[in-house]
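Please look at the model below with its charged side chains in mind. The text walks through how they are paired and placed.

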Amino acid sequence: MNKELQAVTALKSALEAKFAHDLLVLDLSGISPIADYFVIATAGSAPQMAALAEVTEETLKAEGFPMLHMEGVRLSKWVLLDYGAIIIHIFDKESREYYNIERTWGDAKIVEF
């Protein structure tokens with residue numbers, strides 16, 4: 001297992017422990033130079049969105065991935081956390097449905113755990 005996939009696996013477990021909804025991991029390697037993995041999750045509330053962003057930061061830091069950039073406020077409708085090879089999107093339900101980035105990256109493989 002490569003370092004990125006190991007980190008994504010740890011992150012998936014951490015997000016599940018915080019009750020992230022509709023958790024999805026897309027493998028973009030070979031499809032896009034943007035990242036190797038997109039992790040997409042839905043938060044049920046603004047406080048949960050903040051908690052999911054926080055556990056993402058803690059988990060990926062422990063896995064050796066420093067955050068490069070963050071877009072969105074923790075209490076907004078969409079938070080994007082950029083770790084280079086791994087990009088995390090945390091949406092509220094309405095924004096997840098509206099942007100539907102899974103459709104945009106329809107060529108990507110869904111990572112099964």
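The paragraphs below go through some salt bridges and then turn to an unpaired charge. The model is predicted.

Across the whole structure, a search finds 5 salt bridges. One of them joins the side chains of Glu16 and Lys12, with an N to O distance of 2.5 Å. Both belong to helix 1 (residues 3-17), and because they sit 4 residues apart there, about one helical turn separates them. Glu16 is partly exposed, at 40% relative accessibility.

A second pairing within a helix involves Glu97 and Lys93, whose side chains meet in a salt bridge at 3.2 Å, N to O. Here the helix is helix 3 (residues 93-99), and the spacing of 4 residues again puts about one helical turn between the partners. Glu97 is exposed, with a relative accessible area of 54%, while Lys93 is partly exposed at 48%.

The salt bridge between Asp27 and Lys109 has an N to O distance of 3.8 Å. This pair connects distant parts of the chain, 82 residues apart: Asp27 lies in strand 1 (residues 21-27) and Lys109 in strand 6 (residues 109-110). Asp27 has a relative accessible area of 11%, under the 20% cut-off, and therefore counts as buried. Lys109, at 53% relative accessibility, is exposed.

What is the nearest side chain of opposite charge to Asp82? It is Lys3, 14 Å away, and Asp82 has no salt bridge although it is buried. Asp82 is part of strand 4 (residues 78-82). Leaving aside residues up to four places away in sequence, Asp82 touches Met67, Leu68, His69 and Ile87.

Technical notes. Residues are numbered from 1 along each chain as its sequence is written. This is a predicted model: local features need pLDDT of at least 70, side-chain atom pairs count only at pLDDT 80 or more; totals for chains, interfaces and linings use all residues. Side-chain values use heavy atoms; hydrogens and water are left out. Helices (H or I, at least four residues) and strands (E, at least two) are DSSP runs, numbered from the N terminus. Buried means under 20% relative accessible area, exposed over 50%, partly exposed in between (1.4 Å probe, protein chains only). Lys and Arg count as positive and Asp and Glu as negative; His and the chain ends are not counted. A salt bridge is a side-chain nitrogen of Lys or Arg within 4 Å of a carboxyl oxygen of Asp or Glu. Contact means heavy atoms within 4.5 Å.
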